[in-house]
Amino acid sequence: MAAIIVLALHLAIIAFNLAGCVLIPMGAWRGWRWVRGFGWRLAHLLSLAVVAVQAMLGRACFLTIWQDELSGTTHVQPLIEQWMNGLIYWPLPLWVFAAAYVAVFVYVIALWLWVRPRIQPRAGKGKPTR
């Protein structure tokens, strides 16, 4: 059960990362203010930085390692787990993933520069918020 929870968390993080890559430029184009929120943009950037660094070091994602340790080698996968594994794990060489993760991270850095996040001043400091 713990391995399935880790797998679901892994899938949620992947969805967060992919959604950010699509919604940030779309939101800039559509004028959505929330896509410039500093906190979630920083979380998006750091999440993809972790992925890119792990890939450049030739390491599997720590969530993948954790899931493998929790599931064990004799574990029979339930149908939903097989489906989620099929979405996340593709039978490609590690260098393909490393190149893709680094390319996506460079794209996110470009988004950071193109669609700049806004830092809101703390209440009582700086300009009053309206």
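Which residues of α5 are buried? They are Phe97, Ala98, Val108, Leu111 and Trp112. Keep in mind that this is a predicted model. Here is a friendly tour of α5, α3 and the largest pocket.

**Helix α5**
- The buried residues of α5 sit on the same side of the helix, because they cover an arc of only 145 degrees around its axis.
- In general, an α-helix has 3.6 residues a turn, so residues three or four places apart point the same way.
- On that buried side, α5 packs against α1 and α2.
- Trp95 and Trp114 are exposed, and they lie on the face of α5 turned away from its buried side.
- The length of α5 agrees with expectation, because its 21 residues should span 30 Å at 1.5 Å a residue and its end C-alpha atoms are 30 Å apart.

**Helix α3**
- Buried positions in α3 are Leu63, Thr64, Gln67 and Ser71.
- Seen down the helix axis, these buried residues of α3 fall within an arc of 100 degrees, so they line one face.
- Gly72 comes just after α3 and has a positive phi of about 75 degrees.

**The largest pocket**
- The largest pocket holds about 820 Å³ of space.
- Its lining has 29 residues, and those closest to the pocket centre are His10, Ile14, Val51, Phe97 and Tyr101.
- At least two lining residues come from each of α1 (2–30), α2 (38–56), α3 (62–71), α4 (79–88) and α5 (94–114).
- Sorted by class, the lining of the largest pocket contains 23 nonpolar, 5 polar and 1 charged residues.
- Phe97 links two of these topics: it is a buried residue of α5, and it is among the residues closest to the centre of the largest pocket.

Technical notes: Residues numbered from 1 in each chain as written. Predicted model: local features only at pLDDT ≥ 70, side-chain atom pairs only at ≥ 80, totals over all residues. Heavy atoms only, no water. 1 Å grid on protein atoms, 1.4 Å probe; cavity = no way out; pocket = protein on both sides within 12 Å on 5 of 7 lines; lining within 4 Å. Points joined across faces, edges and corners; volume = space filled by probe spheres on them. Helix = DSSP H or I, 4+ residues; strand = E, 2+ residues; numbered from the N terminus. Nonpolar A, V, L, I, M, F, W, Y, C, P; charged D, E, K, R; others polar. Expected span 1.5 Å × (residues − 1). Buried < 20%, exposed > 50% of the residue type's maximum accessible area, 1.4 Å probe, protein only. Arc of directions from axis to C-beta. Contact = heavy atoms within 4.5 Å.
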